[in-house]
Amino acid sequence: MSELSKLKISEARDALKKGELTSVELTQACLSEIEKADALGAFVHKTPELALDMAKAADANKAGGDLNGIPLGIKDLFCTKGVPSQAASGILEGFKPEYESTVTTQLFADGAVMLGKLNMDEFAMGSSNETSVYGNAVNPWKRGNDDAQLTPGGSSGGSATAVAADLCLGATGTDTGGSIRQPAAFVGITGIKPTYGRVSRWGVVAFASSLDQAGPMTKDVRDAAIMLKAMSGHDPKDSTSADLAVPDFEAALTGDIRGKTIGIPKEYRMDGMPEEISKLWDDGTAMLKDAGAVIKDITLPHTQYALPAYYVIAPAEASSNLARYDGVRFGHRAKLDAGDGITEMYEKTRAEGFGDEVKRRVMIGTYVLSAGFYDAYYNRARRVRALIKKDFEDVFAAGVDAILTPATPSAAFGLGEMDNEDPVKMYLNDVFTVTVNLAGLPGISVPTGVDHQGLPLGLQLIGRPWEEGDLLNTAYALETAAGFVAKPGKWW
Amino acid sequence: MSIDIETARRVAKLARIAVPESDLPELANEFSAILGFIEQLNEVDVDGIEPMTSVTPQRLKRRDDVVNDGGQQEAVLKNAPDAREGFFAVPKVVE
């Protein structure tokens, strides 16, 4: 029975449609795996009764979509009606939304089953899932025989762990600077951040509104295509969601990339890049070339300024978005002392409810937006952002169809290893992914190899805006050529 | 740019986050490190470049000017730490 949770979405869909399998059987298999996997810290709010009810309904509904009866995990950042939705923060303790996010509404309308809520970095701020109020999510992979626990990456660390450990068939993630792609690479799964505006942000707890996008994290590219289709589409409740038709992404997966031009940006070959990452990139380039693509050296000259621009823009938006956590309308309110007024209520509530990294970013954001610094920091960063976007527009205009880069600067690191480092060191995890958010482009991480310790490594493909179908097809060709099938040994 | 303790105290106040006096020196150090990293942006020539407002050029859609939601007092107040008689309750704001 435990084998069922290892199915891919496409396999389960086909078996369900043929009547060889019921959603209840599949859901029970996942629930049983989840019960045995507390050591992984992936599921932080389990909803077994709800899951079984949804599975029964799916079994009774022969008209459901591709996801009918498919058990998924949902990142804690998504508001789910009546189910705790805390963004892994103490300040939202006890919060049970009275409404359902657009993404989960669409997934459930397609017939998907929710198994529970998944761990993450607090308010999606982090690259290791170590800022969560729930504690760490743990990577199912280990370095050979070394017992040290590794990070699944972040912020969608619980989603990454749950999919890699076969606790569910797929999961939702969100990506503001790399939070889908970096964890996907760290656990050897596929994760796509779609074009900004492809997926509605309504009901997703906001971090940095001009950068946030939700996307699927799945066991392969086909599953990403299936799940992305169900998540996408125009939503009048999100004014930045694009009023564009959603293509059948799965139908785009022909594997034929002959004649496509793949750009290799020289700026991503960073000083001190580990030999293994460099080789992985070269291998991936060769695979796409063998599949018939034209390889072209390109330049994205403002790449090095992406992270510093991000660390102005994202905290600035976060400081505005997180102003709503004031102890009045939802979540935690500090216990007040006699004589405390409303200012003390705000200050104590926010001091108690937010973790250190969130406080740090809110305050940096407050500083860069404050009188006298707004132009020097915030407006300058937005100008640099325009230049970063133009870098991409220039290469696409010159005929490049997709860009291949490493997904991360290293394999997964150990939990606690960065504790005594400068916060900026942790930020460097997103060096290859953050440009894509700043430019609003689609990006996908595909597992492509393993390092000398047997840990998975991923490559990133960046596509033209709104051309997720073409991007997924290139990713499919890379996946087919790489033939990555390694799985973590079960220790939990 | 180096952030002093007074600036750290002021930023914490603006952000409405209580920070104990003893934590301010470390906070100032962290701000200095992060802002030092951000200073690289000064190397970029941004003359004549407009600050980006929207990553996808678009005009925000306007909906019809009609009431399309409302009457949900109970749901709105459901998660409030302190709600009384149909209102959010807070400490005294005006004397």
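Which strands of chain A does helix H2 (residues 23-35) of chain A lie across? The legends below take up this question and others, one view at a time, for a predicted model.

**View 1. Helix H2 of chain A rests on three strands.** This helix, residues 23-35, lies across S1, strand S2 (71-75) and S3 of chain A. Its direction makes an angle of about 20° with S3(A). Helix H7 (residues 221-231) of chain A also packs on the sheet, where it touches S4, strand S5 (190-193), strand S6 (213-218) and strand S10 (443-450) of chain A. Between the directions of H7(A) and S6(A) the angle is about 145°.

**View 2. An open sheet of 11 strands runs through chain A.** Follow the strands in the order S1-S3-S2-S4-S6-S5-S10-S11-S9-S7-S8 and you will meet mixed pairing along the way. At the edges stand strand S1 (43-46) and strand S8 (294-298) of chain A; each has a single partner strand, so one side of each has no neighbour in the sheet. From one strand to the next, the twist averages 30°.

**View 3. Strands S7 and S8 of chain A run parallel.** Here we look at one end of the strand order. Strand S7 (residues 261-265) of chain A is joined to S8(A) by five bridges. One pair to look for is A:Thr261 and its bridge partner in S8(A), A:Val294. As background, strands of a sheet pair through backbone hydrogen bonds, either parallel or antiparallel.

**View 4. Helices H8 and H15 of chain A cross.** The axes of helix H8 (residues 275-290) and helix H15 (residues 468-482) of chain A come within 9 Å and cross at roughly 105°. Because of that angle, H8(A) counts as roughly perpendicular to H15(A). On the H8(A) side, A:Gly284, A:Met287, A:Leu288 and A:Asp290 take part, and they meet A:Ala477, A:Leu478, A:Ala481 and A:Ala482 of H15(A). Sorted by class, this contact has six nonpolar, one polar and one charged residues.

**View 5. Two loops of chain A have backbone details to look for.** A:Ser155 sits in the loop between strand S3 (113-118) and helix H5 (157-164) of chain A. The peptide bond leading to A:Ser155 from A:Gly154 is cis, with omega near 10°. A:Asp166 belongs to the loop between H5 and strand S4 (170-175) of chain A. A:Asp166 is not a glycine, yet its phi is positive, near 60°. Is A:Asp166 buried or exposed? It has 22 C-beta neighbours inside 10 Å, so it counts as buried.

**View 6. B:Glu85 lies in a loop of chain B.** Look for this residue between strand S1 (83-84) and strand S2 (87-88) of chain B. B:Glu85 has a positive phi of about 50°, although it is not a glycine. With 5 other C-beta atoms within 10 Å, B:Glu85 is exposed.

**View 7. Chain B meets chain A.** In this view, 37 residues of chain B are in contact with 56 residues of chain A. Helix H1 (5-14) and helix H2 (24-38) of chain B each supply at least two residues of the side that touches chain A. H2(B) gives the largest share, six residues. What classes of residue make up this side of chain B? There are 26 nonpolar, three polar and eight charged residues.

Note on methods: Residues are numbered from 1 along each chain as its sequence is written. Chains are lettered from A and ligands numbered from 1 in the order in which they are written. This is a predicted model: local features need pLDDT of at least 70, side-chain atom pairs count only at pLDDT 80 or more; totals for chains, interfaces and linings use all residues. Two residues are in contact if their C-beta atoms, placed from the backbone, lie within 7 Å. Helices (H or I, at least four residues) and strands (E, at least two) are DSSP runs, numbered from the N terminus. Ala, Val, Leu, Ile, Met, Phe, Trp, Tyr, Cys and Pro count as nonpolar, Asp, Glu, Lys and Arg as charged, and the others, Gly among them, as polar. A residue is buried if 20 or more other C-beta atoms lie within 10 Å of its own, exposed if 12 or fewer, and partly exposed in between; C-beta atoms are placed from the backbone. Axes are lines fitted to C-alpha atoms, for helices over the stretch in contact, and angles run from 0 to 180 degrees between N-to-C directions. Angles under 35 degrees count as roughly parallel, over 145 as roughly antiparallel, 65 to 115 as roughly perpendicular and the rest as oblique. Two strands pair if DSSP finds at least two bridges between them.
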